[in-house]
Amino acid sequence: MKNLKYYYSKSKFHGLCILALFIMLFAALPAVSVRAAGGTHNITIDLKKKSSKKTILLTKGYKIKISGDTGKKILSGKNLKYSSSNKNIAKVTNKGVITGRKIGKCKITIASKDKKNKCVITLKVVNKVAAKSVELDMANVTLKKGESKRITAKVFPETTTNQKVSFNSSDAAVVTVSDSGVITAMGAGQTIVTAIADGKSAKCTVTVNEDAKDDSGNDDNKGKDDNQGNDDNQGNADIKVASITLNYTSNQIPVGGAFTLTPTVAPANATNKNVTFKSSNTAIATVTAAGVVSGVAAGNATITCTAADGSGASRTCSVTVINAVMAGTSGNVSYALYRTSNTTYRLEITGNGAMTDYSWSYGDYNTPWHEYKAYITELVIGNGVTYIGAHAFDNHTALAALVLPTSVTGIGEGAFAVTYDRNPELAMVTLNEGLISIGKGAFRNQKAISGTLTIPSTVTTIADSAFSMNEHGKISSLVFTNGSRLTSIGDYAFFYNDNLTCTIAFPDSLESIGNSAFRNCCIYNSGTGITSVSFGVNSQLETIGAYAFDSIYKLSTITLPVSVSSIGAGAFAQDHPTAHELTQINYRGTADQYWTLCNTNAISATDNDNIRVSASGNTRNSADTAYITYSYQ
């Protein structure tokens, strides 16, 4: 049994406690803007109903803001009272900001302060909220050549994890469309503009009419007879196309596969920007008027894109069609498996949207390519793929490198995991900016990953066991990119990464570190291990789980932010009685606050009893710091 003793000047301590209380209250205030899927969302609940049958889905680590509709007016913030049935799953502030903290369900109660209106909703915190639909503000648009109009897309539900919308035009000669949805009429005709988000889409039909005008704004033909010697194009000589570029100069596709050629003509003010496409061998590859190239049979073909204005400008694309071992769809995207040698294969995932979630159970796999998992040495994930399905590449031990495109926002549970008895070759992992969530066990036991692991600034959640190892890992450094939005590190997230030899600077946005998250990140008597951990003065850290930093013998000093409200049992336990170097824990709060935090035996009784805690804001013998010394009986 241990006794925690501390010494301080009461008169000075009481005054400083009041100051610390104001600091804590200020730090606890939520930000005005809240992070939600794709932006800030204010969800309004009907307070006239005592309960809502609808379940709100929220991505773990994300935030939404709740308002209430009484039928007479919309109430929000201080005009309502909020509560959560399980704060471990979701917490709610007094301004109605809800944060998803842990996978599970809970009840959120919203009530007006006069208690006349009250509603209970069900909130389900999940790893990923999939889009169900995309809606456009216009289904039909008519433009005159040269005009522009913006269409706006909304993704539902509003809490969809990936709210990124992309636009494309089925005929760039009729209209082009920007990333923000601005449609520009290029030439007469009709085409479809499609908005795509998380594999769902919505379409808008666009019609462009020619509207020739003279310099005065009058129709050239109004009141005139063409036979009277008036030339409609007088003073407006045609501008010919000088050159064409294509988005592909060469490409390889499987039989049955397809891709789209998108031409860009120059100059931009060419009178006629229309083009035609032609295949040199339609028995190998065909091409439509819109530039869609389809593989018919194995072989080579050349697709030629030619300006329609007679200028002779053209550009070619070399197409190789090969027989894929297999090809098909996975959710909203396509896959194709190619043989690269007698014993190796390349798997390509292409398209726009999310992959299917797969299952794994004691060696049983249901991915279409599972029989080749030990021989797939190359994995190519195309830009446009937004989600890597659960267990999609589980036990794919021959992969040597992984580079994710910027379109990927989520990695599913066990997507790249391997079982403890395998020897994976995946040494390099490059995670993309734009990635939001790393699922449970996503890279579990990938013990060949080496060097620095960089967590992109956009990642909000690193789930349980995401990078946990069953034995010695090779990651030597862990870096969080500047501007990090990370809010939670799950249980066992980096367990047994004992080759880490670095200082870990946690981002200010981090709110919770799970149980055993960095446990055993040190090899006893080897010289490796985390040397220090740091938290900024603006840290939002609230929870440090049980055994979070257990048995990290090279860790000598820890400085804890005042925002911490819970420290689990054995959080800083050092099981070896003489090998550890931990001698000092600095706490930015007061001794009384630390006393409350350490009712959980944060340091085990087997540790060296010279570990002491410095709690700021107290005095001892007129010094600036009071010391809390652990002693054991």
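This section describes the fold, cores, selected residues and backbone exceptions of a predicted model.

The protein chain holds 2 helices and 53 strands. Buried residues account for 47% of its 633 residues. The accessible surface of the chain is about 29,500 Å². Carbon and sulfur atoms supply 48% of that surface. Contacts often span long stretches of sequence. Among those between residues at least 6 apart, 63% join residues at least 24 apart.

The largest nonpolar core contains 76 residues. Within this core, Leu-431, Phe-443, Ile-462, Phe-506 and Phe-518 touch the most other members. Domain 4 (323-448) and domain 5 (451-462 + 470-616 + 625-632) both contribute residues to the core, so it lies between them. A second core, separate from this one, has 23 residues. Leu-58, Leu-75, Val-92 and Cys-119 are among its members.

Ile-462 shares strand β42 (residues 461-462) with Thr-461. Setting aside residues up to four places away in sequence, Ile-462 touches Ile-438, Ile-455 and Phe-467, among others. Its partners also include Phe-480, Leu-486, Ser-488 and Ile-489. Gly-490, Ala-493 and Phe-494 are likewise in contact with Ile-462.

Thr-461 is buried, because its relative accessibility is 2% and the limit for burial is 20%. Its side chain forms a polar contact of 3.4 Å with the side chain of Thr-460. Beyond four places in sequence, the contacts of Thr-461 include Lys-60 and Gly-61. Ile-436, Ser-437 and Ile-438 also touch Thr-461. Leu-486 and Ser-488 are further partners of this threonine. Ile-438, Leu-486 and Ser-488 thus appear in the contact lists of both Thr-461 and Ile-462.

Ile-489 belongs to strand β44 (residues 488-489). At 2% relative accessibility, Ile-489 is buried. Its C-alpha atom is 6.4 Å from that of Thr-461. The two residues are 28 apart in sequence. Outside a window of four places in sequence, Ile-489 contacts Ile-462, Phe-480 and Phe-494, among others. Phe-506 and Phe-518 also touch Ile-489. Both of these phenylalanines are among the core residues that touch the most other members. The remaining contacts of Ile-489 include Leu-510, Ser-512 and Ile-513. Gly-514 and Ala-517 are also on its list.

A further buried site is Ser-67, in strand β4 (residues 63-69). The relative accessible area of Ser-67 is 2%, so this serine counts as buried. With neighbours within four places in sequence left aside, Ser-67 is in contact with Asn-42, Ile-43, Thr-44 and Ile-45, among others. Ile-74, Leu-75, Ser-76 and Leu-80 also contact Ser-67. Leu-75 is a member of the 23-residue core.

Cysteines were examined next. The count of disulfides is 0. Such a bond is a covalent link between the sulfur atoms of two cysteines. Cys-106 is buried, at 4% relative accessible area. Cys-521 is buried too, with a relative accessibility of 0%.

The backbone shows several exceptions. Most peptide bonds are trans, and most residues other than glycine have a negative phi. The bond between Phe-156 and Pro-157 is cis, with omega about 0 degrees. Pro-157 sits in the loop between β14 (153-156) and β15 (166-169). Another cis bond runs from Ala-266 to Pro-267, where omega is near 0 degrees. Pro-267 occupies the loop between β23 (263-266) and β24 (275-279).

Positive phi values occur at Asn-520 and Ser-551, neither of which is a glycine. Phi is about 60 degrees at Asn-520. This asparagine lies in the loop between β46 (512-513) and β47 (532-535). With a relative accessible area of 23%, Asn-520 is partly exposed. For Ser-551, phi is near 60 degrees. Ser-551 is placed in the loop between β48 (543-544) and β49 (557-560). In contrast to the partly exposed Asn-520, Ser-551 is buried, at 4% relative accessibility.

Technical notes
Residues numbered from 1 in each chain as written. Predicted model: local features only at pLDDT ≥ 70, side-chain atom pairs only at ≥ 80, totals over all residues. Heavy atoms only, no water. Helix = DSSP H or I, 4+ residues; strand = E, 2+ residues; numbered from the N terminus. Buried < 20%, exposed > 50% of the residue type's maximum accessible area, 1.4 Å probe, protein only. Polar contact = N/O pair within 3.5 Å; in protein donor to acceptor, adjacent residues only side chain to side chain. Contact = heavy atoms within 4.5 Å. Core = buried A, V, L, I, M, F, W, Y, C linked by side-chain atoms within 4.5 Å. Domains from an automatic or database assignment. Areas by Shrake-Rupley, 256 points an atom, 1.4 Å probe, with all protein chains shown as cover. Disulfide = S-S within 2.5 Å.
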